[in-house]
Amino acid sequence: HFDFCAQIRRHGTKSLEVICMRVVFITPMDPFNVGGGAISAYRFIEPLKSLYRKGKIDDYRIIYLKKSDTAPVEDTDKFLYFPKRRLDRVRTAFRLNASPLELHSEEILSVLTEFNPNVIIMHFSTLGNLSKQIRKSLKNVKIIQNFDNFELGNTQHLGRGFLGKLSSIPMTYLIRKSEREALKSSNTVIFLRVDEANEIMKYYGIEKPYLIMPFTLGYSDPERYSASRKVRESFHGELRLLFTGSLDAWFNVEAVEFTAKNIDEIAKTLADKGIENFKVIIAGKDPGGLANLNKTCSNITVIPNPSQSQIEELFLSSHIFISPVFSGAGMKTKIVEALYHGIPIVASDTSLRGYRADVGDAIGKYIFPFKDMEITSFLSGLSSAAKVVLRQDTDKLCREIIDLYNDIYGIERFEQLLLRAIDMCFRSH
């Protein structure tokens, strides 16, 4: 364990010095917004706050792109934001950058120079150009680069048809340039999965020390679910299946289309379990044409652009979380969200990538996998999940799943992972 406030022996000398550890986390996301990006940021921000309170780091700052009206309620002086503006994406492209946050590079560098951090954590690989500037201006700072996924691999889905693919070419160039600079500038890298770490470093021909850090939402309080049990049971026998995600993302659109296409088969499977009434709740930003499902399918309700409080209520009032996602890089934050809220999960093999090593004991008990794109496999998983919900006391089931979540994804694990990443920075050359 690397204690940064302890005396650290200088390499090649017998003298000792005390390191005052100051850490900055930079993200192009709004950590107080709804969505996977906010959840991803959480696994850095909450451990930093906790380490600061425990005296294991001396100070920290969070720099982010503000996209919502929500603001931090504690340590407000440590959060610095830049407002998201109209046409930021256009201005970003004209400057040959991959992230709108890089429009504020000069101000960020000024803040960093004044704060004088030892370590900077870059949240996304789209900040590669900023990392390059930081490396040039602050030569002694250590940079931890996080990769939530292989961004370059996602650019192939930015456009559809000839014109769409043509328009995606500039973004592909910008992403490739940014990811390369992000890797080159870093001392240590954080990935979600080993296979993706190997794929990314092999593609760019750059090897760096790395570690694996999954997602977390921090501590989940089981007591809150005694109230949620009453909420769930107030739906008079209607089983509620929940799916959440950004509905402008092609892989989530694919998941919704899979569900809608097979709604009659879902109804038959639940009827075999004695469940005649059910509702599939689909919640996410920018649903576009998917919102028409409200009119065309009585068993589906689409909730566009839900707030954080609405998302919370939906998890509390649902019985089973479904994740028929068959594509997309990284890890799916929706899985850790469902565990955090204590509801069983029916998830595709793709949805569970990066989770199986942690949740192996829950497979077949609280988590029911199915093979990608196979409706028969999905229906089998749904049937098993419905059986668990029908047979077990709802409150007891919630508490068991939450206890599992807290054991695996408790904040202490992420404190240690973050300390280890910082340690690796100082050990690397």
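**Figure 1. L242 stands opposite F321 of strand β13 in this predicted model.** The two strands of this view are β10, residues 239–244, and β13, residues 320–323. They run parallel and are joined by two bridges.

**Figure 2. An open sheet is formed by six strands.** Their order is β12-β11-β10-β13-β14-β15, with parallel pairing. Each edge strand, β12 at 300–304 and β15 at 367–370, pairs on one side only. Between neighbouring strands of this sheet the average turn is 20 degrees, direction ignored.

**Figure 3. Helices α9 and α15 pack on the sheet.** Helix α9 covers residues 250–261 and touches β10, β11 (278–284), β12 and β13. The direction of α9 makes about 155 degrees with that of β10. Helix α15, residues 375–391, touches β10, β13, β14 (345–348) and β15. Between the direction of α15 and that of β15 the angle is about 170 degrees.

**Figure 4. A338 is a residue of helix α13.** The helix spans residues 333–341. A338 counts as buried because its relative accessibility is 0%, and the cut-off for buried is under 20%. Leaving aside residues up to four places away in sequence, A338 touches F315, F321, I343 and I345. One of these contacts, F321, is the residue of β13 that stands opposite L242. A338 and I401 are 63 residues apart along the chain, and their C-alpha atoms are separated by 9.2 Å.

**Figure 5. L87, V90 and F94 form a nonpolar patch on the surface.** Together these residues have about 360 Å² of accessible area. F94 lies in helix α2, which covers residues 88–94. The relative accessible area of F94 is 72%, so F94 is exposed. L87 is placed in the loop between β5 (79–83) and α2. L87 is also exposed, with a relative accessible area of 58%.

**Figure 6. T92 is another residue of helix α2.** Is T92 buried or exposed? T92 counts as buried because its relative accessibility is 2%. F94, in the helix that also holds T92, is exposed. Residues up to four places away in sequence are not counted among the contacts of T92, which are N97, A98, S99, P100 and L103.

**Figure 7. L87 and L96 each have a positive phi.** Most residues other than glycine have a negative phi. Phi of L87 is near 70 degrees, and phi of L96 is about 60 degrees. Neither L87 nor L96 is a glycine. L96 sits in the loop between α2 and α3, the latter at 105–115. With a relative accessible area of 45%, L96 is partly exposed, whereas L87 is exposed.

**Figure 8. The whole protein gives the setting for the close-ups.** The protein has 17 helices and 15 strands. It consists of 429 residues, of which 56% count as buried. About 19,400 Å² is exposed by the protein, and carbon and sulfur atoms supply 51% of that area. Among contacts with a separation of 6 or more, 67% come from residues 24 or more positions apart.

Technical notes:
Residues numbered from 1 in each chain as written. Predicted model: local features only at pLDDT ≥ 70, side-chain atom pairs only at ≥ 80, totals over all residues. Heavy atoms only, no water. Patch = residues over 30% accessible without salt bridge, like charges linked within 9 Å, V, L, I, M, F, W, Y side chains within 5 Å. Areas by Shrake-Rupley, 256 points an atom, 1.4 Å probe, with all protein chains shown as cover. Salt bridge = Lys/Arg side-chain N within 4 Å of Asp/Glu carboxyl O. Helix = DSSP H or I, 4+ residues; strand = E, 2+ residues; numbered from the N terminus. Buried < 20%, exposed > 50% of the residue type's maximum accessible area, 1.4 Å probe, protein only. Pairing = 2+ DSSP bridges. Axes fitted to C-alpha atoms, helices over the stretch in contact; angles between N-to-C directions. Contact = heavy atoms within 4.5 Å.
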